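Here are some exercises to work through with the model open beside you. Try each task before reading its solution.

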Amino acid sequence: MIVLPDGSLIFPWQLGVWKFAAGQIDHWTSRVWKAGAEQLGRVPFIENSMVTEWYDLWLSAVLPVRPPPARERLAGSLIGQCLGDALGFVVEGHSREVCQEYVEEVLLTEKAGTIGRSSHKFGQYTDDSQLARELMESYIACRGFDPGDYSRRIAALFSEHRVVGRGRASTEAAARLARGVHWTRSGVPAPYAGNGAAMRAAPIGWMFSRSDIDLVRAARDQARITHTDPRAVAGSVAIAGAVALAVRAVPWTLKADRFIERLARWVRPIEPSFAAEIERLDSLRHREPDDAVWSVSRAGQRPGDAETAGRWPAAEGTISPFVVSSVLWSLYSFLRSPNDYMGAICIAISGGGDADTTAAMTGAISGAYLGLSAIPRPLAERLEDCGTWNYDDLLALADSFYGVVAST
Ligand SMILES: [Mg+2]
């Protein structure tokens, strides 16, 4: 069943696909169905074929709402990441209680954008989006993914003190790169397993959205520049993979079980325990955020992880920068609210802790799935990076990036 933005339902039934108006199926009786349903078309395949991607393609052709074009979805992914980052930055590092209050008192009362963070007015995004943006610039300049070029750009960003909210591993790796260490040896060793590689991985999902092998290889290599713990590398593959799957899916038709299964398959060879945690999302996504956050905040942790993950202790019930819990929480937030960008961002931030990063990762996936039009424009137009790289600049970057992606 598909829920469209206007609340109407699309439902395959009796070898046809039927549309029901919002609220029409209050009573689950065939009389109600037959009375008001509108048949959009008949399924031109035998029943077993309904689970194939051909069914998705056919379904997209009969949907009454046209999916946004890929160019608009790419812009949505970049803007969605930056806006999630900026909204989460306001409460980054705070407890779940503080973050929930911010969601309920500010984001859900149309006061979003009225609060900034210390010296930064609202709209400033941080290292997560700065490094993803740099990855896109590198791809455009090299007309392909070149980890050597990207690593030089990371080193320059840090040495020029242009990174807002820098993480420990990336800072240390950037210092090593600046001393001439090759990118294959610059990453911080295990057991450090923060989310610094996952938070910037979204553009990889666009670069290789049609090639599973290249996608995994590039997500792994871009992670190794700063992180070598297999969990940190697997987190990069999970986020890049989630964006690629969001791009492939027709909006409003996401099949969450297939999404989860495919992500786990990509992650398993790198870190089986992380893949097992991703598989748990298939049941976890049915639980309310207040309940699920307790399970996710503990996921995948080993002794010592809490201290090595980042600046804050991994308090139970709050999402720390530890890669397994923060990536899982981002995937959960998207799967919990796949058809509503701000709904997914509010869930991500309500997990507390590393709220800018979880909202950035969630926003990149949601924006890729729903497109730019799903993102509140008045807020997005206030994005900036210390007076540079505003909304229009980011859109121009997304456009150039799309041009290279489409031509390679
Ligand atoms: Mg950040």
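**Exercise 1. In which loop, between which two helices, does Ile270 lie?**

Before solving it, a note on the ground rules. Residues are numbered from 1 along each chain as its sequence is written. The model is predicted, so local features need pLDDT of at least 70 and side-chain atom pairs count only at pLDDT 80 or more, while totals for chains, interfaces and linings use all residues.

Solution. Step one: find the helices, which are DSSP runs of H or I with at least four residues (strands are E runs of at least two), numbered from the N terminus. Ile270 sits in the loop that joins helix H11 (256-267) to helix H12 (272-284).

Step two: check burial. A residue is buried if 20 or more other C-beta atoms lie within 10 Å of its own, exposed if 12 or fewer, and partly exposed in between, with C-beta atoms placed from the backbone. Ile270 has 21 other C-beta atoms within 10 Å, so this loop residue is buried.

Step three: list its partners, where contact means C-beta atoms, placed from the backbone, within 7 Å. Beyond its neighbours within four places in sequence, Ile270 touches Arg220, Pro230, Val233, Ala234 and Val237. The C-alpha atoms of Ile270 and Arg231 are 7.7 Å apart, although 39 residues separate the two along the chain.

**Exercise 2. Is Ala264 buried or exposed?**

Solution. Start with its place: Ala264 belongs to helix H11. Next, count: there are 21 C-beta neighbours inside 10 Å, so Ala264 is buried. Finally, look at its contacts, leaving aside neighbours within four places in sequence: these are Ala275, Ile278 and Glu279.

**Exercise 3. Which helix gives the most to the largest nonpolar core?**

Solution. Begin with the core itself, a set of buried Ala, Val, Leu, Ile, Met, Phe, Trp, Tyr and Cys residues joined through C-beta atoms within 7 Å. The largest one has 115 residues, and those with the most contacts inside it include Val237, Ala240 and Ile349. The biggest contribution to this core comes from helix H10 (residues 230-248), with twelve residues. Now zoom in on Val237: leaving aside neighbours within four places in sequence, its contacts are Val216, Ala219, Arg220, Trp266, Val267 and Ile270.

**Exercise 4. How do the axes of H9 and H10 cross?**

Solution. Two packed helices are described by the angle between their axes and the distance between the axes. Axes are lines fitted to C-alpha atoms, for helices over the stretch in contact, with angles from 0 to 180 degrees between N-to-C directions. The axes of helix H9 (residues 212-224) and H10 come within 8 Å and cross at roughly 135°. H9 and H10 are therefore oblique, given that angles under 35 degrees are roughly parallel, over 145 roughly antiparallel, 65 to 115 roughly perpendicular and the rest oblique. Residues that meet here include Val216 and Ala219 in H9, and Val233 and Val237 in H10.

**Exercise 5. Why does H17 count as largely enclosed by the rest of the structure?**

Solution. First, its length: helix H17 (residues 355-370) has 16 residues and should span 22 Å at 1.5 Å a residue, and its end C-alpha atoms are 21 Å apart, which agrees. The expected span is 1.5 Å times one less than the number of residues. Then burial: 16 of the 16 residues of H17 are buried, so H17 is largely enclosed. After H17 comes Gly371, with a positive phi near 90°.

Terms used:
Two residues are in contact if their C-beta atoms, placed from the backbone, lie within 7 Å.
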